[in-house]
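Trainee: I would like to go through one part of this model slowly, and then see how the rest of the chain is arranged. Could you take me through it in one connected account?

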Amino acid sequence: VQLVESGGGLVQPGGSLRLDCAASGTDFSISGMGWFRQAPGKQREYVAHITSGGASYYADFVKGRFTISKGNAKNTVSLQMNNLKPEDMADYYCRHYASNSWGQGTQVTVSS
């Protein structure tokens, strides 16, 4: 399983970004997918995940601001991030639960 994230970048506080994760070598329909993040000097932490059945779950610190969804293209998952805060700045990683595979990460910078 290979995962490739995209969509990171620089955004001002209060702004929005959408991250995408494209998977190859697997079928999303049989595995949950998740997003994690890691800020400099901190441990990687859970952000959100979506089950194979489409149910979504979030860390408390992103509830109401982030939305995880399966993308329009097959085998893609997206993370829509709204009202971004400086503390959201981190490298964001996509995870395929069934194989415990991870993407290479995409950087999100929140700064004015």
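Trainee: How many residues line the largest pocket, and which of them lie nearest its centre?

Mentor: Since this is a predicted model, what follows describes computed geometry. The largest pocket is lined by 15 residues, and those that lie nearest its centre are Q38, A39, E87, M89 and A90. The space in this pocket comes to about 200 Å³. In terms of secondary structure, β4, β9 and β11 are the elements that give two or more residues to the lining, and β11 gives the most, with three residues. The chemical character of the lining is mixed, for its residues divide into six nonpolar, four polar and five charged. As background for reading such a site, rolling a probe the size of a water molecule over the atoms shows where empty space is left.

From the pocket we can turn to the core. The largest nonpolar core has 24 residues, and the ones with the most contacts inside it are W35, V47, F66, V77, L79, M81 and Y92. Seven strands, namely β3 (17-24), β4 (33-38), β5 (45-50), β7 (66-70), β8, β9 and β11 (106-110), each supply at least two residues of this core, and β3 provides the largest share, four residues. In soluble globular proteins, nonpolar side chains tend to be buried together. Within this core, V47 is a useful residue to inspect, and with residues up to four places away in sequence not counted, V47 touches W35, F36, R37, Y57, Y58, A59, V62, F66, L79 and Y92.

A second residue to follow is Y46, which is found in strand β5. Y46 counts as partly exposed because its relative accessible area is 26%, which falls between the 20% and 50% limits. Leaving aside neighbours within four places in sequence, Y46 is in contact with W35, F36, Y57, Y58, A59, F61 and Y97. Two polar approaches involve the side chain of Y46: this side chain makes a polar contact with the side chain of H49 at 2.7 Å, and it reaches the backbone oxygen of Y57 at 3.1 Å. For a sense of spacing, Y46 and M33 are 13 residues apart along the chain, and their C-alpha atoms are separated by 12 Å.

The partner in the first of those contacts, H49, also has its place in strand β5. H49 counts as buried because its relative accessibility is 19%, a value under the 20% limit. With residues up to four places away in sequence not counted, H49 touches M33, G34, A55, S56, Y57, I68 and Y97.

Another histidine worth setting beside this one is H96, whose place is in strand β9. H96 is buried, with a relative accessible area of 3%, and its side chain makes a polar contact with the side chain of S99 at 2.7 Å. Again not counting residues up to four places away in sequence, H96 touches V1, L3, T26, S31, G32, M33 and S101.

The loops deserve the same care, and here the backbone angles come first. Most residues other than glycine have a negative phi, and most peptide bonds are trans. N83, although it is not a glycine, has a positive phi of about 50°, and N83 is found in the loop between β8 (76-81) and β9 (90-96). N83 is partly exposed because its relative accessible area is 41%, between the 20% and 50% limits. Phi of N100 is likewise positive, near 55°, in a residue other than glycine, and N100 lies in the loop between β9 and β10 (101-102). The relative accessible area of N100 is 43%, so N100 is partly exposed on the 20% and 50% limits.

Lastly, G54 has its place in the loop between β5 and β6 (56-58), and at 39% relative accessibility G54 counts as partly exposed. G54 and V11 are 43 residues apart in sequence, and from C-alpha to C-alpha they are 29 Å apart in space.

Definitions and conventions:
Residues are numbered from 1 along each chain as its sequence is written. This is a predicted model: local features need pLDDT of at least 70, side-chain atom pairs count only at pLDDT 80 or more; totals for chains, interfaces and linings use all residues. Side-chain values use heavy atoms; hydrogens and water are left out. Buried means under 20% relative accessible area, exposed over 50%, partly exposed in between (1.4 Å probe, protein chains only). A nonpolar core is a set of buried Ala, Val, Leu, Ile, Met, Phe, Trp, Tyr and Cys residues joined through side-chain atoms within 4.5 Å. Contact means heavy atoms within 4.5 Å. A polar contact is a pair of N or O atoms within 3.5 Å; within protein, one must be able to donate a hydrogen and the other to accept it, and residues adjacent in sequence count only if both atoms are side-chain atoms. On a 1 Å grid over the protein atoms alone, a cavity is a set of points where a 1.4 Å probe fits but cannot get out, and a pocket is an open set with protein on both sides within 12 Å along at least five of seven lines; lining residues have an atom within 4 Å of a point. Grid points are joined across faces, edges and corners, and a volume is the space filled by probe spheres set on the points. Ala, Val, Leu, Ile, Met, Phe, Trp, Tyr, Cys and Pro count as nonpolar, Asp, Glu, Lys and Arg as charged, and the others, Gly among them, as polar.
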